[in-house]
Amino acid sequence: MAVQRADSRASVDTRELLPALPLAVLFLLSFLVPLLMLIFVSLFRTPQFDEMGADQYVRFLSDGFNLQVLLDTLALGVEVATLTLVLAYPLGLVYVAAGPLARTLITFLILLPLLTSTVVRTFAWIVILGREGIVNSAMLGLGLWHEPARLLYSWGGLVIALAQIQLPLMALPVINSLLRINEDLLKAAKGLGAGRLRVFLTLILPLTMPGAIAGWLLVFAAAVTAFITQTLVGGGRIILMPLYIYQQAMGVQDWPFSAALSLIFTVAVVGIVTLVGTLSRRFMRGVDAA
Amino acid sequence: MLQLTRRALFGCGSTLFAAGILGRSRLAHAAGSIVATTYPGSFDEAFKSVVGPAFAKNSGGSVTFSPLLNVDQIGKIQASRNAPPFDIVLFDEGPLIAAIEAGILDKFPADKSKSFSDIPEAFRHPAGYAPVITVQLIGIAYNPKKITTPPTSWEDLWKPEYKGRVGITGMASSLGTAFMVEIAKMNGGSDTNIEPAFDAIKRLLPNVGAIAASPGALAALFQQGEIDIAFNYWNNVALLAAKGVDVAFAKPKSGAVVVRTSAQIVQNNQDPKLALEYLDTVMSPAVQMGLEAAPWVMMPTNKKVQLTGANLAVARSVDDLVSNNTLLDWTRFQPLRGGWITRFSKEVKI
């Protein structure tokens, strides 16, 4: 009986998979094939594609600058993702506490930035952070600053701008998790005398961890690869992996090295995402048990 | 990741769209149609409004413009050598050398050309590739409201009063490379000995307020009030000034550095006859006069074209342009350029 069921399910599965075939083929052609080509290109020793060898990887590892660019990029992702996490919880709690009309309004405000292009949102930040921008003008006008501060083309400015731009990716999963919390649990905790902070730390935070981690990973991956925002808000001063790869491929025309850079970057990002994902799954099993 | 997906989708979409256009133009081959690249921004606008209609009139064919950066073109052609996505490409001097080395260009049939005889020697290619169609002059851009005495030499950038007000850009652009070579020569180096330029640029760092990612971004910094002085292209400055931005152009007493831009014929193009017709159109006095006029103020290379308006502030004539400014021999330092670009990113930090 069990075997039969398994069989019928398998046959249904195969047929059900058929409609997914075009997508699978597209994925194969547009992702797997280029990836293999990238690996192939990265194994040439010179930009003239003469001989093959692992020179590009040796070159990457033997120069501290390369490693620094990679670490800076990953650090940017961690900082942006963590900042959005901190920003998303208050937003989520307000959403959950709000009435239906306010909820619709908040949802609209969260989704609104997604409807405009990244370039537009980035330029808005240039207007806000510039030397003659809103922040500097306000602070100078109020007499709080005596000379304009450099906000644009700075690390802090880049982190803030990226955090705002990627906030929807964090807010939506966190709100989703918050909405799933069983209200009886909160009432029980309060009835047993737990304060607000305690309720947040011991109940809300652990129960929404899956959403938070999903959001964190999305924001991390989006922030480290955000070529447009990194270049426009960070300028030529802050060299991160996407700009570095572009420069090596297009400016220097060193395709093998830029292919190696791309692969190393991909492996690093996928590595971190896998690591955080694995750790969180272990954590979530604990949550389920509770 | 959502952003990534959207960008990927956009990429996919635009590729399909481009494929659609190209597919159509291949089908429309009989009617006579070619694809030519332009540089994004004012260059593209100028070519669409001046060259497009003139070409249609001269040849009866049509041209599709595709705005692309210098180096992006080489990659796209190399990816599809037998059916290249463009028939005519646009290169500055450095990338032109790379394109010739990559073997993606055809030589220019000078004997069949109608406009070739009007082009001065300095704008003809020594190895027989297509001639220069316009030049970009590099001088000093400054904010005349903040800097009331116009700068007169490159050394002015180092003046202590410009602390935090100077803008620069890296060597991945022709602009950055040409500037660094000029600075090297000024400080006892040469077009192959860049060391003195790196020493000089490090001494400039206290003055540097911003390092832009590209020449266009460098010009935009004036608009945002981030900087008051920078090296930049004459065309960028003239266009911004025409839009009401507080920016003016000063030619250093040593002469402006001239970057020669040529339109080249791609190997295996769809229609060699139309491609030549296109180049002849771009080089013709009528079209060059159109491109020279406001608001485009692109420098002509055809001797028959007189300079007018704002262009007269930087040169008296096409001959004067050649004789009283600095031309660089990019073949001498092109092989070193890759190393320089990487070194600039590594060492020039504020």
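This is a guided tour of a predicted model with chains A and B, moving from the interface to a strand, several salt bridges and a helix end.

Before selecting anything, note that residues are numbered from 1 along each chain as its sequence is written, and that chains are lettered from A and ligands from 1 in the order in which they are written. Because the model is predicted, local features need pLDDT of at least 70 and side-chain atom pairs count only at pLDDT 80 or more, while totals for chains, interfaces and linings use all residues, and side-chain values rest on heavy atoms, with hydrogens and water left out.

**Stop 1: the interface of chains B and A**

Colour the two chains separately and select the residues of each that touch the other: 32 residues of chain B are in contact with 37 residues of chain A, where contact means heavy atoms within 4.5 Å. The area buried between chain B and chain A is about 2,900 Å², and carbon and sulfur atoms give 55% of that area; buried area is the accessible area (1.4 Å probe) that two parts lose on being put together, summed over both.

Next, show the side chains of B:K346 and A:D63, which form a salt bridge with their closest N and O atoms 2.3 Å apart. A salt bridge is taken here as a side-chain nitrogen of Lys or Arg within 4 Å of a carboxyl oxygen of Asp or Glu, and the rule finds one across this interface. Between chain B and chain A there are also seven residue pairs in polar contact, both residues being at pLDDT 80 or more. A polar contact is a pair of N or O atoms within 3.5 Å; within protein, one must be able to donate a hydrogen and the other to accept it, and residues adjacent in sequence count only if both atoms are side-chain atoms.

On the side of chain B that touches chain A, the elements giving two or more residues are α1 (2-27), α3 (70-78), β7 (208-212) and α12 (330-347) of chain B. Helices (H or I, at least four residues) and strands (E, at least two) are DSSP runs, numbered from the N terminus. The residues of this side of chain B divide into 15 nonpolar, nine polar and eight charged, with Ala, Val, Leu, Ile, Met, Phe, Trp, Tyr, Cys and Pro counted as nonpolar, Asp, Glu, Lys and Arg as charged, and the others, Gly among them, as polar.

**Stop 2: strand β8 of chain B**

Now select residues 229-233 of chain B, which make up strand β8, a mostly covered strand with five of its five residues buried. Buried means under 20% relative accessible area, exposed over 50%, and partly exposed in between (1.4 Å probe, protein chains only).

Add strand β5 (residues 132-142) of chain B, which runs antiparallel to β8(B) and is joined to it by five bridges; here B:I140 stands opposite B:F231. Then add strand β6 (residues 166-169) of chain B, which pairs with β8(B) in the parallel sense over two bridges, and look for B:G167, whose bridge partner in β8(B) is B:A230. Two strands pair if DSSP finds at least two bridges between them.

**Stop 3: salt bridges within the chains**

Over all chains, the count by this rule comes to 17 salt bridges. Begin with A:R59 and A:D254, whose side chains meet in one at 2.9 Å, N to O. A:R59 lies in helix α3 (residues 55-61) of chain A and A:D254 in the loop between α13 (241-251) and α14 (255-289) of chain A, so the pair ties together parts that are 195 residues apart in sequence. A:R59 is partly exposed, at 33% relative accessible area, whereas A:D254 is buried, at 6%.

Move to B:D191, which is found in the loop between α5 and α6 of chain B and is buried, with a relative accessible area of 11%. B:D191 forms a salt bridge with B:R332, the closest N and O atoms being 2.8 Å apart; B:R332 lies in helix α12 of chain B, so the pair ties together parts that are 141 residues apart in sequence. Leaving aside neighbours within four places in sequence, B:D191 is in contact with B:V181, B:K185, B:D329, B:R332, B:F333 and B:W340.

Finally, select B:E195, B:K202, B:R343 and B:E347, which are linked in a network of salt bridges.

**Stop 4: the end of a helix in chain A**

Close with helix α12 (residues 227-234) of chain A, whose buried residues are A:T229, A:Q230, A:T231, A:V233 and A:G234. Following α12(A) is A:G235, which has a positive phi, near 70°.
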